Amino acid sequence: MAEPTVGILHPGSMGAAVAACAATNATDVLWCQAGRSATSAARAEQFGLTPVATLPELLDRSDIVISLCPPAAAEDLARNLAGHHFAGVYAEANAINPERTQRIAALLGPDTTVVDCGVVGSPPVGGKTPTLYLSGPADATERIEALFATTAVRTSALGTEVGKASALKLAYASFQKTSRVLVALAVGMAREHGVDQELIEIASKRTDSYLAEPQYIAKTAARAWRWGPELEEAADALAAASLPPEMLRAAANTLARWHDAKDDGELTLTDALDRLAQP
């Protein structure tokens, strides 16, 4: 099979890095400049992506399109594409619940083959190796697997049912992200009473405890703008399964207090806890 041309929608920190890996087995990787920020342009250039002027041009030239954007934008983004009747593989890789993934597949219509993708792990830079879980039509899934063969993005097929990859991603995220929110609350409470170091000492005696690594609180705060909407999606998935969503919604509300810390790489533990304490 000839190497495909790939289009990446919204080349953020994850999307641009994933697209750069795809370039290993692609003829070209395109991104659309229209409406994107100077930061996005610089990131796309850093990862060697090829700019195109308009979305129709990207769709006309692409065999595979990868959608990786903030969860709240996923459906609107697909709606913008629907009228173009894209006749290729659409890799829906956003952290959204299975029902939304299935709605997007229906929205794009029969011309487009949708593969449900769930990214678990950090962006594939600096030795990081995230896994891209896949579910959807077998031939399209195999094309995604071939696209990332021998790259830092590992792939794992889950079957042909669209929605399985999204469910796995959110099931994992509901634990991994909520547990870090609980760490912030626990350390914040302990700090208020001057026993935060003692709390960390207790936690350090246990294995694999986020409480023993409070430096992650600042990292959590910087990612809160993305994680909060993702947990809302996970809460919707719980509600759809007749399971109580309240804990994840509460964690999302907590993350909202850090919304103005978006991607702040200079944020300290003290700054993060102080912001968390503000009403």
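In this predicted model, helix H9 (residues 216-240) and helix H10 (residues 246-256) have axes that come within 8 Å and cross at roughly 160 degrees. That angle makes H9 roughly antiparallel to H10, because anything over 145 degrees counts as such. The crossing of H9 past H10 is left-handed. On the H9 side, the contact is made by Thr220, Ala224, Trp227, Gly228, Leu231, Glu232, Ala234, Ala235, Asp236 and Leu238, and H10 answers with Leu248, Arg249, Ala251, Ala252, Asn253 and Leu255. Sorted by class, the residues in this contact come out as 10 nonpolar, 3 polar and 3 charged.

H9 also turns up in the lining of the largest pocket, where it supplies the largest share, 9 residues. This pocket holds about 1,400 Å³ of space. It has 47 lining residues, and Ser13, Met14, Pro123, Arg223 and Arg226 sit closest to the pocket centre. Besides H9, helix H1 (13-22), helix H2 (38-46), strand E6 (113-120) and helix H7 (164-192) each chip in at least two lining residues. As for chemistry, the lining is a mix of 20 nonpolar, 14 polar and 13 charged residues.

The second largest pocket has a volume of about 180 Å³. Its lining is made up of Ile8, Leu9, His10, Pro11, Trp31, Cys32, Ala34, Arg36, Leu55, Leu77 and Asn80. Strand E1 (5-9), strand E2 (28-32) and helix H4 (74-82) are the elements that give two or more residues to this lining. Here the class split is 8 nonpolar, 2 polar and 1 charged.

Conventions: Residues are numbered from 1 along each chain as its sequence is written. This is a predicted model: local features need pLDDT of at least 70, side-chain atom pairs count only at pLDDT 80 or more; totals for chains, interfaces and linings use all residues. Side-chain values use heavy atoms; hydrogens and water are left out. Axes are lines fitted to C-alpha atoms, for helices over the stretch in contact, and angles run from 0 to 180 degrees between N-to-C directions. Helices (H or I, at least four residues) and strands (E, at least two) are DSSP runs, numbered from the N terminus. Angles under 35 degrees count as roughly parallel, over 145 as roughly antiparallel, 65 to 115 as roughly perpendicular and the rest as oblique. A crossing is left-handed if the near helix is turned anticlockwise from the far one by less than a right angle, and right-handed if clockwise. Contact means heavy atoms within 4.5 Å. Ala, Val, Leu, Ile, Met, Phe, Trp, Tyr, Cys and Pro count as nonpolar, Asp, Glu, Lys and Arg as charged, and the others, Gly among them, as polar. On a 1 Å grid over the protein atoms alone, a cavity is a set of points where a 1.4 Å probe fits but cannot get out, and a pocket is an open set with protein on both sides within 12 Å along at least five of seven lines; lining residues have an atom within 4 Å of a point. Grid points are joined across faces, edges and corners, and a volume is the space filled by probe spheres set on the points.
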